Amino acid sequence: MAHRTQSHRARNHRTTGRLAPRARALLAAALLVGLAGCGGGDPGEGATTVKKAAAPAVPKPATAPAGLPGMPPLLDPKDVYAADRPDRLSPVVKNFPSRVYVPNTASNTVSVIDPATYQVVETIPVGNQPQHVVPSWDMKTLWVNNNRGHTLTPIDPATGVAGKPVEVHDPYNLYFTPNGKYAIVMASLDRELVFRDPHTMERKKTVPVSCYGVNHADFSADGRYFVVSCEFSGELLKVDTEKMEVIGQQKLPFEGAMPQDVKISPDGKTFYVADMMAHGMWVLDGEKFTTPTLLPTGKGCHGLYVGRDSREMYVSNRGEGTVSVFDFEKNKLTKKWHLPDGGSPDMGGVSADGKVLWLSGRYDAEVYAIDTTTGRQLARIPVGSGPHGLAVYPQPGRYSLGHTGIFR
């Protein structure tokens, strides 16, 4: 090795020695530039670059499944009710007069209350056995569900004028898919979920069900499925929104269960189902759709209404004239309000400013206005016979999912 190194150096010396002085100078300059290119500074033009080893690939974080095609994205992924803040009225509804529309099931009328005066200002004749007043997906129409009259009566919330009834069989309740593509009629006695055009109400698909009394529902945060209560057989359904198919069914673990209203938690992780015979709410994991647990609230637990700040939910206990208050963050009941003269608080909604809870008195031909801060009864207003699913309108939100006002 030593001999080869010395010989190599000798040849280099002889070769270099034969170069002209100008050539030797150019060679020296080129060597200096090459050395500079190997340093830590930024390489200049013509500098030698050194390739760095490629960084190891970083796995991409898992993304949440996409929502229902065409559904407006949530304003806040952590709060499905973020669009429902106090007085955040959309341009569509901001000029509508503030009213409370009360369907009187046994009188075949809708009582219209001015919330500023607590007075009935109009009584609108409708079809046989009106059950709920339902805001349309685009929020431009209120649909009165005339259950035994087999019609829907449209009311223009801008004028309060009722339009020509639309023939729809057995419309006990009405919902809308989160993308606005379909109306869903809860045909309770027909034992069907009927998907219809949201404007003309033309039938698009009929989904027969094996349970009895499909009544109430709410949708998952991504809109891809919804949970339905079956009142008369004590069951729950899970329905794929896009495929329009039942993908889950279970019997509630309580003899004689009668599930009613359904509402999802602000974080979208939990469904609550009121049960008027189990006297409490079923707490359900909608994704897993496993057996729910019961949280007792009061006799005749019936309606569920989320406050404007997404912190509390008001639970009407129809059988004892009370309202329980559930705190989402604390995951427990924190208050119970008693109507001073008893009553039968049923279905309703929260005022646009969030200060008043409006509930129908199903068996007392009256409506209750309750202060949401103190639980104090503000008014007790006589209406027609059998008041049921009243709608407070307008309300904040970008679109309606139906019932007496589920807004996103």
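Here are legends for a few close-up views of this predicted model.

**View A. The E11–E12 hairpin and its cross-strand salt bridge.** Strand E11 (residues 192–196) runs antiparallel to strand E12 (residues 203–208), and five bridges pair them up. Six residues sit between the two strands, and in that turn Met 201 takes a positive phi of about 65 degrees. Look across the hairpin and you'll find Arg 196 opposite Arg 203 of E12. Arg 203 also meets Glu 192 in a salt bridge, side chain to side chain, at 3.8 Å from N to O. Glu 192 belongs to E11 and Arg 203 to E12, so this pair ties together parts 11 residues apart in sequence. Arg 203 comes out as partly exposed, because its relative accessibility is 38%.

**View B. A buried salt bridge between Asp 218 and Arg 408.** Here the N to O distance is 3.3 Å. The two partners come from distant parts of the chain, 190 residues apart: Asp 218 is in strand E13 (residues 214–219), while Arg 408 is in the segment after strand E29 (391–393).

**View C. Arg 85 meets Asp 79.** This salt bridge spans 2.6 Å, N to O. Arg 85 is partly exposed at 23% relative accessibility, whereas Asp 79 is buried at 7%.

**View D. Charges over rings.** Arg 191 puts its charged end over the ring of Tyr 212, 3.9 Å from the centre. Over the face of Tyr 225 lies Lys 238, at 4.3 Å from the ring centre.

**View E. An aromatic cluster.** Phe 96, Tyr 393 and Phe 407 make up this one; the structure as a whole holds 11 aromatic pairs.

Technical notes. Residues numbered from 1 in each chain as written. Predicted model: local features only at pLDDT ≥ 70, side-chain atom pairs only at ≥ 80, totals over all residues. Heavy atoms only, no water. Phe/Tyr/Trp six-rings, centres within 6.5 Å; stacked < 30°, edge-to-face > 60°. Lys NZ or Arg CZ within 6 Å of the ring centre and 35° of its normal. Pairing = 2+ DSSP bridges. Helix = DSSP H or I, 4+ residues; strand = E, 2+ residues; numbered from the N terminus. Salt bridge = Lys/Arg side-chain N within 4 Å of Asp/Glu carboxyl O. Buried < 20%, exposed > 50% of the residue type's maximum accessible area, 1.4 Å probe, protein only.
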